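Here is a brief report on how the strands of one sheet are arranged. Please keep the sequence and structure in view while reading.

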Amino acid sequence: MSYVDEVIELVVAKNPAQPEFHQAVKEVLESLRVVVEANEEEYRKDALLERMVNPERQIMFRVPWVDDKGQVQVNTGYRVQFNSAIGPYKGGLRLHPSVNIGIIKFLGFEQIFKNSLTGLPIGGGKGGSDFDPKGKSDREVMAFCQSFMTELMKYIGADTDVPAGDIGTGAREIGFMYGQYKRLTGLYEGVLTGKGLTYGGSLARTEATGYGLLYITEEMLKCNGSDIKGKTIAVSGSGNVAIYAIQKAQQLGGKPVTCSDSTGWIYDPEGIDVALLKEVKEVKRARLTEYAAARPSAQYHEGKGVWSVKVDIALPCATQNELDLEDAKQLVANGCIAVAEGANMPTTMEATEYLQEKGVWFIPGKAANAGGVATSALEMSQNSERLSWTFEEVDGKLQNIMKNIFHSLDDAAKKYGMEGNYVAGANIAGFLKVAEAMKAQGIV
Ligand code: NDP
């Protein structure tokens, strides 16, 4: 049996009931076959792949807090410190009822390669809890965040592990967690990113993932003789990534016509009204029915459906496995030319393979949404030098980083005889840097 297959089997056997983690490992290792085969003897001897798929450390803890009725609630907190070969662990905190150790491990594993692709010195980690901030009062969210940080603070620090936001963890939650970290440690340091601008946050961090998604999509289209101008675009989600992807797509001359949340989706043939979407989602924290009610051109549909609309480009920006084979078939039948993942692993493996077979340009999340973590690393730099850069400075660096990411995955795909396969290119380019650093640092 090949080394890659052996390690995939081992991961499935040793990590039962973690399908998302299995999926992420398979997706990465399958596309590394050519690299692994070329170095098989050395990698086997060093157990490089076994070390790569085993987190350096996994922390699970109880998070008790008191709700507004005086009832004690108990959630589970997680931090998976996956790989620190190229820098301190870096990755977000997801607060969503679906969170479990398998989800956090899949996200942490992906984060290793994503962070490597940014070209910045950050290792891979991820964390979160099965707490659901939806429907909770500000006091309840604060009680949870303070309890969560009371335990997490033992394992993180500006030079060891720097968490950030993710689904359910926005500026409010980061603020409460940062305050508690400072109170417990007495340290005013850049231990979290995604902070507010008055206490060490970076300009352009809020916009970075969505903007970065469009910068890399534009670069990829340009290198293939096309561009965003005049293109119709389907976006899923209506959170941080989706909102700023829609905004930048419009600035580049594209026309996003959809968005969604976990209950339904909007088709707005005149183009999404970003100001209204921000008002509904960022200010009122309301459902998309409120968007439809305020906008005569918009149609609201219950359930799933953004991929059924005829578009040139699809940008999944909600959650994992939200674009399946049937959706991919519909996109292809409607003439879609490009898919770039704003979310983490939103496209199933079957759908990804189908899109690639049909010649759709496909940029995986670990490259396409790396603008968020890259700008988090820029926030860390600003915190270290006690300076704040202008929006234009940060945005300029972000544009360069996203262009460089595209070229590093394009070059890696070409070098290994898989031109145009950006999934393989991203995995190979991300992996090689981490593998080299691990080798140089010995068996640790
Ligand atoms: P938000 O919480 O701001 O928004 C998430 C959006 O996705 C919401 O519209 C939400 O709808 C929808 N959603 C969440 N879960 C589901 C589900 N199970 N089914 C359908 N819709 C769902 O998160 P972000 O925008 O920050 O994150 C979106 C994705 O991007 C995630 O995969 C995240 O890991 C990834 N990402 C985020 C980065 C960032 O900087 N924020 C960086 C890199 C990746 P509802 O409001 O109804 O819950």
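## Basis for pairing

Two strands count as a pair if DSSP finds at least two bridges between them. The model is predicted.

## The β1-β2 hairpin

Strand β1 covers residues 57-66, and strand β2 covers residues 72-83. The two run antiparallel and are joined by 10 bridges. One of the partnerships sets I59 against R79 in β2.

β1 and β2 form a hairpin, with 5 residues between them. G70 lies in the turn. Its phi is positive, at about 90°.

## From β2 to β4

β2 also pairs with strand β4, residues 123-129. This pairing is antiparallel too, with 6 bridges. G77 stands opposite S129 in β4. Q81 has G125 of β4 as its bridge partner.

## The whole sheet

How are the strands ordered across the sheet? The order is β1-β2-β4-β3-β5, in an open sheet of 5 strands. Pairing is mixed.

Which strands stand at the edges? They are β1 and β5, the latter spanning 161-164. Each has a single partner strand, so one side of each is left without a neighbour in the sheet. From one strand to the next, the twist averages 20°.

## A helix on the sheet

Helix α6, residues 101-117, packs on the sheet. The helix touches β1, β2, β3 (89-95) and β4. The direction of α6 makes about 150° with that of β4.

Notes. Residues numbered from 1 in each chain as written. Predicted model: local features only at pLDDT ≥ 70, side-chain atom pairs only at ≥ 80, totals over all residues. Heavy atoms only, no water. Helix = DSSP H or I, 4+ residues; strand = E, 2+ residues; numbered from the N terminus. Axes fitted to C-alpha atoms, helices over the stretch in contact; angles between N-to-C directions. Contact = heavy atoms within 4.5 Å.
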